[in-house]
Amino acid sequence: MKQLHTLTIVEARKGLDAKEFTSVELTTACLNRIKERNGEINAFITVTEELALEEAKKADEIIARGEQQMLTGIPFGVKDAICTKGVRSTASAKILDNYVPSFDATVIARIRAQGAVLVGKQNCDAFGHGASNENSMYGPVRNPHDTTKVSGGSSGGSAAAVADGMCLFSIAEDTGGSIRQPAAFCGLAGLRPSYGRNSRYGIMPMASSLDTVGPIARTSEDIAILMEIMAGVDPLDATTVPVETPLYTDEVKSQMLNVKGLRVGIPKEYFELEGLDPEIRAALEQSMETLKAAGATLVDISLPHTKYAIPTYYIVVPSEDSSNLGRIDSIRYGAQTAHDDLYGAYANSRRDGFPNEVKRRIMIGTYALSAGYYDAYYRKAQKVRTKIRQDFDTVFGAQVDVILTPTTPTPAFGVGEKSNDPLAMYLADVFVSPSALAGLPSLSVPVGKTSSGLPIGAQLIGPMMGESVVLFLGHQLQNI
Amino acid sequence: MQLTPLEVKKIATLARLSLSEEETQSYAEQLTAIFGYVEMLNEVDTEGVEETCQVTGLQDVVREDIVVDCDEETKKQLVEAFSDKKGQLLQVKGVFSAE
């Protein structure tokens with residue numbers, strides 16, 4: 001039998017229900033993994049061992065009574081920029097080093113209500129700002145496939161934890177690639193849902209017009225299970241869209257959808273990018289062949305405004321970051337530095353409690369939104385964003401059902417390699433930011449490895465609220 | 001466009017960030033590079049294009065304005081989180097006392 005910490009949710013559910021092992025045993029296997037490996041990987045900031053074993057014991061009692069649900073007894077971790085009741089949530093910034101939320105984020109409450117077992121809070125780029133997890137004030141996360149490489153970011157700890165067997169799935173946040181890019185670097189499935197599909201209540205806000213919360217797991221089928229539980233309207237988040245949640249789990253496995261006849265768009269701008277790693281290109285070409293052999297139709301498409309996504313992103317997002325971070329002022333909660341007056345309370349605490357990239361974004365955003373510059377930067381970027389959305393609107397429906405791209409232009413890069421060059425770091429998100437600006441569901445799935453053993457991810461982009469087709473095709477790519 | 005350290009200091013004050021001389025210098029350089037890079041947005045003709053402020057199309061999402069009380073434990077946790085307090089009240093330095 002496979003080692004417990006390497007199981008998928010589906011496999012663990014079967015084993016728990018068949019009484020092959022208990023939740024306490026499964027949870028202990030993950031906790032042992034954390035003890036052995038977290039010193040090096042640094043995926044967790046806080047480990048909730050005592051709470052986890054208590055919840056696991058309760059889960060075993062529920063299973064003994066035959067009252068279990070899909071996630072009862074399954075160990076999971078949560079990105080530290082998501083609030084967990086009674087468990088410290090730092091967002092990887094020292095200004096929240098002592099912050100203990102009095103509530104669970106809605107998606108976390110839904111998962112815990114199923115009896116899932118929280119093993120801890122995961123390292124990330126502070127407040128989600130970054131693509132390598134090197135902007136954490138708790139140290140970088142290392143890639144389990146090669147510890148000289150980054151895990152990706154911003155949800156690096158969430159991806160590394162699953163890849164290393166420290167938990168079976170993670171709940172993370174994706175504003176411009178923060179779930180998909182680390183999932184690709186660590187060889188996992190990770191979904192950015194449609195904007196409005198999952199409640200963001202209790203997610204520390206970054207860029208409100210883009211932020212989403214989604215799962216990272218080993219397979220698309222596990223992602224489907226989690227989405228069924230997480231999705232749906234929430235009165236505490238007015239941006240959630242009141243639509244029925246599809247039965248993703250059935251759709252992924254059944255014949256309700258069919259690869260045969262599915263039109264898969266191949267956008268030339270993504271594949272023509274200078275700097276696209278040849279091994280990644282080859283892996284994607286292999287995926288195309290696989291889909292073609294299964295009866296899909298490949299359609300060459302153009303998304304002409306792709307190259308403007310990164311500059312658009314780096315105006316819109318820091319602008320919204322700087323507004324949202326105004327609330328992090330050390331007054332009502334958080335770590336406060338010595339000060340003489342109110343201004344000092346804000347300015348000194350923010351100086352000591354934010355890392356460089358957070359400060360840099362606050363500066364970019366404050367400038368872009370300041371009087372006289374708003375039209376030139378923020379308004380202009382929001383208009384270009386419309387052009388990027390229109391690119392997608394033009395092809396979906398009329399030409400294609402789903403779009404296939406690489407998730408990243410290169411495999412995981414070295415720790416320290418880009419950390420002094422913010423622009424180079426921003427470009428790591430070149431394939432994941434366009435669909436984020438358009439609010440579209442996008443899934444990264446593993447489709448092979450480079451010759452040096454680093455994972456390669458393929459990204460599937462669907463139309464608005466089109467999670468079904470990306471999860472279905474992701475499952476096919478992982479299983480054909 | 002070239003941002004000067006003086007401009008950086010002004011933005012930092014607006015943003016309530018205390019910066020060292022070294023940070024001021026490096027942000028002046030980095031922000032100049034970043035705003036230089038985003039100049040490429042001007043290549044896109046956006047004449048008559050609407051801004052994208054949201055992507056769901058939802059309009060006027062309203063709810064009843066009713067007070068929902070929270071339990072004593074939550075209240076206690078909220079008060080405990082205050083950086084400075086007097087009894088159950090949040091304490092801060094005077095807003096208008098300093099310049």
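This is a walk through a predicted model of two protein chains, A and B, starting where they meet and then moving into chain A.

Let's begin at the boundary between the chains. On one side, 52 residues of chain B take part, and they are in contact with 62 residues of chain A. Together the two chains bury about 5100 Å² between them, with carbon and sulfur atoms giving 67% of that area. If you would like three residues to find in the viewer, try Leu41(B), Thr52(B) and Val55(B): they supply 13% of the area that chain B buries against chain A, more than any other three residues.

There is polar chemistry at this boundary as well. Between chain B and chain A there are 18 residue pairs in polar contact, counting pairs with both residues at pLDDT 80 or more. Three helices of chain B, namely α1 (5–14), α2 (21–38) and α3 (72–81), each supply at least two residues of the side that touches chain A. The largest share comes from α2(B), with nine residues. Taken as a whole, the side of chain B that touches chain A divides into 31 nonpolar, twelve polar and nine charged residues.

Now for the charged pairs. Side chains of opposite charge can pair when their charged atoms come close. Between chain B and chain A the count is three salt bridges. In one of them, the side chains of Glu51(B) and Arg379(A) meet at 2.9 Å, N to O. Another joins Lys307(A) to Glu43(B), at 3.8 Å, N to O. That pair crosses from the loop between β10 (297–301) and α11 (309–324) of chain A to the loop between α2 and α3 of chain B. Glu43(B) counts as exposed because its relative accessibility is 51%, and the cut-off is over 50%.

Over all chains the count comes to 28 salt bridges. A good one to visit inside chain A pairs Asp164(A) with Arg37(A), at 2.8 Å, N to O. This salt bridge links distant parts of the chain: Asp164(A) sits in the loop between α5 and β6 (169–174), Arg37(A) sits in helix α2 (residues 23–41), and the two are 127 residues apart. Asp164(A) is buried, with a relative accessible area of 3%, while Arg37(A) counts as partly exposed at 22%.

For a local pair, turn to helix α13 (residues 356–369) of chain A. Arg361(A) and Glu357(A) both lie in this helix, four residues apart, which is about one turn. Their side chains meet in a salt bridge at 2.9 Å, N to O, and both residues are buried. They also belong to a network of salt bridges that links Asp321(A), Glu357(A), Arg360(A) and Arg361(A).

Next, have a look at helix α17 of chain A, residues 467–479. Does its length fit the expected helical rise, or depart from it? At 1.5 Å a residue its 13 residues should span 18 Å, and the end C-alpha atoms are 18 Å apart, so the two agree. Eleven of the 13 residues are buried, so α17(A) is largely enclosed by the rest of the structure. Among those buried residues are Glu467(A), Phe472(A), His475(A) and Leu477(A).

Leu477(A) leads on to Ser287(A), which has its place in helix α10 (residues 278–293) of chain A. Leaving aside neighbours within four places in sequence, Ser287(A) is in contact with Leu404(A), Val447(A) and Leu477(A). Ser287(A) is buried, with a relative accessible area of 4%.

Some loop residues of chain A are worth a stop too. Ser154(A) lies in the loop between β5 (146–150) and α5 (156–163). Its relative accessible area is 0%, so Ser154(A) counts as buried. Beyond its neighbours within four places in sequence, Ser154(A) is in contact with residues including Lys79(A), Cys124(A), Asp125(A), His129(A) and Glu173(A).

Thr408(A) is found in the loop between β11 (402–406) and α15 (422–426), and is buried at 3% relative accessible area. The side chain of Thr408(A) reaches the backbone oxygen of Thr410(A) at 2.8 Å. Finally, Tyr201(A), in the loop between β7 (189–192) and β8 (212–217), counts as partly exposed at 30% relative accessibility.

Conventions: Residues are numbered from 1 along each chain as its sequence is written. Chains are lettered from A and ligands numbered from 1 in the order in which they are written. This is a predicted model: local features need pLDDT of at least 70, side-chain atom pairs count only at pLDDT 80 or more; totals for chains, interfaces and linings use all residues. Side-chain values use heavy atoms; hydrogens and water are left out. Contact means heavy atoms within 4.5 Å. Buried area is the accessible area (1.4 Å probe) that two parts lose on being put together, summed over both. A salt bridge is a side-chain nitrogen of Lys or Arg within 4 Å of a carboxyl oxygen of Asp or Glu. A polar contact is a pair of N or O atoms within 3.5 Å; within protein, one must be able to donate a hydrogen and the other to accept it, and residues adjacent in sequence count only if both atoms are side-chain atoms. Ala, Val, Leu, Ile, Met, Phe, Trp, Tyr, Cys and Pro count as nonpolar, Asp, Glu, Lys and Arg as charged, and the others, Gly among them, as polar. The expected span of a helix is 1.5 Å times one less than its number of residues. Buried means under 20% relative accessible area, exposed over 50%, partly exposed in between (1.4 Å probe, protein chains only).
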